[in-house]
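Me: I'd like to practise reading features off a model. Can you walk me through a few?

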Amino acid sequence: MKYISFFILRMIGWKVTNSLPAGIPKCVVIMAPHTSMWDFVLGRLGFFILDINVRFLIKKEMFFFPLGPLIKWLGGISVDRSKSTQTVDYIAGLFAKYDNLYFTITPEGTRKQVEHWKKGFYYIAQKANVPIALGFLDYSKKHGGIGPVIIPTGNFEEDFKMIESFYRGMGARHPEMFNLS
């Protein structure tokens, strides 16, 4: 899949420019901006190129045949958004089960514009004692990859200033729907 993904991205003018630093076997990878379904396609192709076997949450409604088995193969884990679940605890527990785990989360939580990013990614990383890698897709430059890796300090507001600084100026597919707060 690595070479096929490279070919597809190359054909549409995209490049993958950064990867995770060596020696990080587990982390939460946040992906932003997230304003289009194309973000998933481009991001997944990028992860194939980087040889990063990511896992991600996706609403259970997407797990119908024949799409369900494909989503699972791509790393999808079903989540029932209609029920109040202990998602943070569940995902943090997955990190304890595996020697290598890269869990991707879109902190915006939806492709629509949001007032505030969801903080679950931060609490998962903190509870699992893993770093947060800042994944990105910059449509203005047609490149994506992994930016800085941060260790949660427990002070979300201060850590988020670093996160916000990194994503400021990134070009979303639909810029009017990208909000950094």
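Me: Where is His34 found?

Reply: Keep in mind that this is a predicted model. His34 sits in the loop between strand S2 (26-32) and helix H2 (37-49).

Me: Is His34 buried or exposed, and what does its side chain make a polar contact with?

Reply: Buried means under 20% relative accessible area. His34 comes in at 12%, so it counts as buried. Its side chain makes a polar contact with the side chain of Asp39, at 3.3 Å.

Me: On to helices. Which residues of H3 are buried, and why do they line one face?

Reply: The general idea: an α-helix has 3.6 residues a turn, so residues three or four places apart point the same way. In H3, the buried ones are Gly68, Ile71 and Leu74. Looking down the axis of H3, these buried residues fall within an arc of 125 degrees, so they line one face of the helix. Their cover includes H2, strand S3 (54-59) and strand S4 (76-79).

Me: What does the face of H3 turned away from the buried side carry?

Reply: Lys72 and Trp73, which are exposed. After H3 comes Gly75, with a positive phi near 115 degrees.

Me: Which residues form the nonpolar patch on the surface?

Reply: Trp73 turns up again here, along with Met1, Ile4, Phe7, Ile8, Met11, Ile12 and Leu70; together they have about 830 Å² of accessible area. Helix H1 (2-11) gives the largest share, four residues, and both H1 and H3 (67-74) supply at least two.

Me: And where does Ile12 lie?

Reply: In the loop between H1 and strand S1 (15-16). With a relative accessible area of 41%, Ile12 is partly exposed.

Notes: Residues numbered from 1 in each chain as written. Predicted model: local features only at pLDDT ≥ 70, side-chain atom pairs only at ≥ 80, totals over all residues. Heavy atoms only, no water. Patch = residues over 30% accessible without salt bridge, like charges linked within 9 Å, V, L, I, M, F, W, Y side chains within 5 Å. Areas by Shrake-Rupley, 256 points an atom, 1.4 Å probe, with all protein chains shown as cover. Salt bridge = Lys/Arg side-chain N within 4 Å of Asp/Glu carboxyl O. Buried < 20%, exposed > 50% of the residue type's maximum accessible area, 1.4 Å probe, protein only. Polar contact = N/O pair within 3.5 Å; in protein donor to acceptor, adjacent residues only side chain to side chain. Arc of directions from axis to C-beta. Contact = heavy atoms within 4.5 Å.
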